[in-house]
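Visitor: I have a model to go through, and I'd like the reasoning behind each label. Can you take me through it?

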Amino acid sequence: MADRLSQLQDAIDQMATQLFSALRYIGTHHDAVPVGGEAKVTDETAVVDDKATFDAAKFELARDLIFKSKQIEILITSLPGIGVSEDEQQERLRNLEQEYKEAEAKRKEAVRQREEAAEKLDQVIRSLRRC
Amino acid sequence: MAEQPPGALTAAFPPPPKYFTSFTPKNLDALNELRKPDGTLPPIDELPEELQVLVPPPPPEKRYRAFGEPWTLPEIYPSLEEAGIQQLYPSPSSGSQNGKEKESSLDRTLELRRLSKSLLLNYLELVGVMGVAPEKFHEKTSALETILFNMHHLINEYRPHQARETLCLRMEEQLEKIRKETEENKKAVVQIEAVLAGLADVGKKADAIIGAGGVFISERRSKSSLEEKVEKAKSMDAAAWRSLNGA
């Protein structure tokens with residue numbers, strides 16, 4: 001999974017694409033309405049959807065846009081480390097490094113003890129097998 | 001430095017620099033001849049011309065190029081104004097120029113939310129404009145464009161911050177892992193010791209049984225203490241089994 005910043009940027013890009021495609025859909029699928037007594041204008045390039053489909057599509061496009069916008073907002077609020085300054089982070093990193101070193105020393109000690117114990121046990125088992 | 005043929009730096013697979021043919025054993029030996037006793041080289045303009053290219057140039061100080069892209073040292077993310085785009089959020093402070101941004105002085109979440117709201121609003125206005133006067137779309141699309149650039153810019157500025165944050169999280173995870181491992185090792189030690197203690201117990205019981213039967217033969221007194229104990233426990237064990245079988 002990408003990190004949240006990249007997710008957010010992707011969402012924004014998708015939003016831009018949606019903005020474009022929504023307008024484009026309306027531009028290419030709308031029906032024309034005659035004004036006054038003039039004949040109804042026809043556009044060769046347009047694929048005219050009937051009114052119900054067109055309205056449903058418009059509704060869906062609008063809803064998707066709002067969804068995307070909400071999604072972006074959620075991503076914004078979940079950005080990591082909001083309200084932590086760089087110095088605080090550095091401080092935290094230094095503390096973590098210190099803790100890490102201590103924990104690592106303890107771990108090595110524990111591993112050594114375990115190996116010693118295993119060695120003892122091994123000796124006992126070996127000597128049992130020999131007799 | 002020898003001039004590069006044009007386009008050499010931007011090619012996906014750039015040709016080797018012209019001067020690579022100068023790195024002959026003969027030239028390298030000649031260069032080593034010229035070294036001063038302390039290993040440093042004389043200033044570059046005192047070297048013969050064919051040897052000058054053998055000396056690495058000093059590291060760049062302000063700017064350098066990599067794969068045809070100019071970079072600055074220290075790395076500065078160019079501000080929106082430098083890229084010719086209107087900045088829609090307040091600048092953090094004048095301190096942002098030295099590459100170390102002041103994150104606390106600017107509430108990115110708030111600004112990003114504002115921008116995402118005005119993105120929708122501007123789009124609504126664009127749709128309205130398209131319905132009334134389609135030829136005037138440019139004003140609104142450029143507003144949308146500016147907003148999008150601003151959002152991306154804000155997010156990108158946030159990246160170093162996230163990198164540090166991620167590092168913190170990784171280190172915490174690592175710490176947790178190490179502590180768990182320590183704990184498990186200690187548990188293993190306790191278990192092994194329990195087993196050994198159990199074996200010693202068995203040995204003692206066996207000793208008691210043999211003591212009663214009086215069949216115990218001890219002959220290996222000279223061994224080192226641990227081995228001796230082990231041997232003892234073992235022979236006692238064996239003797240105990242024998243006496244049990246015999247009984």
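Visitor: Why is B:Lys117 called partly exposed?

Guide: This is a predicted model, and in it B:Lys117 has 46% relative accessibility. Buried needs under 20% and exposed needs over 50%, so at 46% B:Lys117 counts as partly exposed.

Visitor: What makes the pair B:Lys117 and A:Glu73 a salt bridge?

Guide: The closest N and O atoms of B:Lys117 and A:Glu73 are 2.7 Å apart. The cut-off is 4 Å between a Lys or Arg side-chain nitrogen and an Asp or Glu carboxyl oxygen, so the pair qualifies. B:Lys117 sits in helix 3 of chain B and A:Glu73 in helix 2 of chain A, so this pair joins two chains.

Visitor: Is A:Glu73 buried or exposed, and how do you know?

Guide: A:Glu73 has 13% relative accessibility. The limit for buried is under 20%, so A:Glu73 counts as buried.

Visitor: Which residue of chain A forms a salt bridge with A:Glu73?

Guide: That's A:Lys70, with the closest N and O atoms 3.7 Å apart. Set against the 4 Å limit, 3.7 Å passes, so the pair is called a salt bridge. Both A:Lys70 and A:Glu73 belong to helix 2 of chain A, three residues apart, about one turn of the helix. A:Lys70 has a relative accessible area of 47%, so the label here is partly exposed.

Visitor: What makes A:Glu97 and A:Lys101 a salt bridge?

Guide: Their closest N and O atoms are 3.8 Å apart, and the rule asks for within 4 Å, so the pair counts. The two are four residues apart in helix 3 of chain A, which means about one helical turn separates them. With a relative accessible area of 40%, A:Glu97 is partly exposed.

Visitor: How many salt bridges turn up over all chains?

Guide: The search of the whole structure gives 16. Across the interface of chain A and chain B the rule finds five. One salt bridge links the side chains of B:Glu181 and A:Arg107, at 2.9 Å from N to O. There's also a network of salt bridges that links A:Lys51, A:Asp55 and A:Lys58.

Visitor: What else is there across the interface, and which elements of chain A touch chain B?

Guide: There are 16 residue pairs in polar contact between the two chains, with both residues at pLDDT 80 or more. On the side of chain A that touches chain B, the elements giving two or more residues are helix 1 (4–29), helix 2 (51–77) and helix 3 (86–130) of chain A. Helix 3 of chain A gives the largest share, 26 residues. By class, that side has 28 nonpolar, ten polar and 15 charged residues.

Visitor: How much area do chain A and chain B bury between them?

Guide: About 5000 Å², with 69% of it on carbon and sulfur atoms. In chain A, the residues that lose the most area to chain B are A:Leu5, A:Gln9 and A:Glu86, together 12% of what that side buries. The contact takes 53 residues from chain A and 49 residues from chain B.

Visitor: Why is B:Asn122 called buried?

Guide: B:Asn122 has 11% relative accessibility; buried means under 20%, so the label fits. B:Asn122 is found in helix 3 of chain B. Beyond its neighbours within four places in sequence, B:Asn122 is in contact with B:Lys140, B:Ala143, B:Leu144 and B:Ile147. For the whole of chain B, 28% of the 247 residues count as buried.

Visitor: What pattern does chain B follow along the sequence?

Guide: The pattern is α-α-β-β-α-α-α, from five helices and two strands.

Visitor: How confident is the predictor in chain B?

Guide: The mean pLDDT of chain B is 76, and 80% of its residues reach 70 or more. Among the elements of chain B, helix 3 (residues 108–132) has the highest mean, 87, and helix 5 (residues 225–246) the lowest, 73. Over residues 94–105 of chain B pLDDT stays under 50, and residues 214–223 of chain B are below 50 too. Where pLDDT is low, the predicted coordinates shouldn't be read in detail. For the complex, the predictor gives an ipTM of 0.70 and a pTM of 0.58.

Conventions: Residues are numbered from 1 along each chain as its sequence is written. Chains are lettered from A and ligands numbered from 1 in the order in which they are written. Side-chain values use heavy atoms; hydrogens and water are left out. pLDDT is the predictor's confidence in each residue, from 0 to 100. Contact means heavy atoms within 4.5 Å. Buried area is the accessible area (1.4 Å probe) that two parts lose on being put together, summed over both. A polar contact is a pair of N or O atoms within 3.5 Å; within protein, one must be able to donate a hydrogen and the other to accept it, and residues adjacent in sequence count only if both atoms are side-chain atoms. Ala, Val, Leu, Ile, Met, Phe, Trp, Tyr, Cys and Pro count as nonpolar, Asp, Glu, Lys and Arg as charged, and the others, Gly among them, as polar. Buried means under 20% relative accessible area, exposed over 50%, partly exposed in between (1.4 Å probe, protein chains only).
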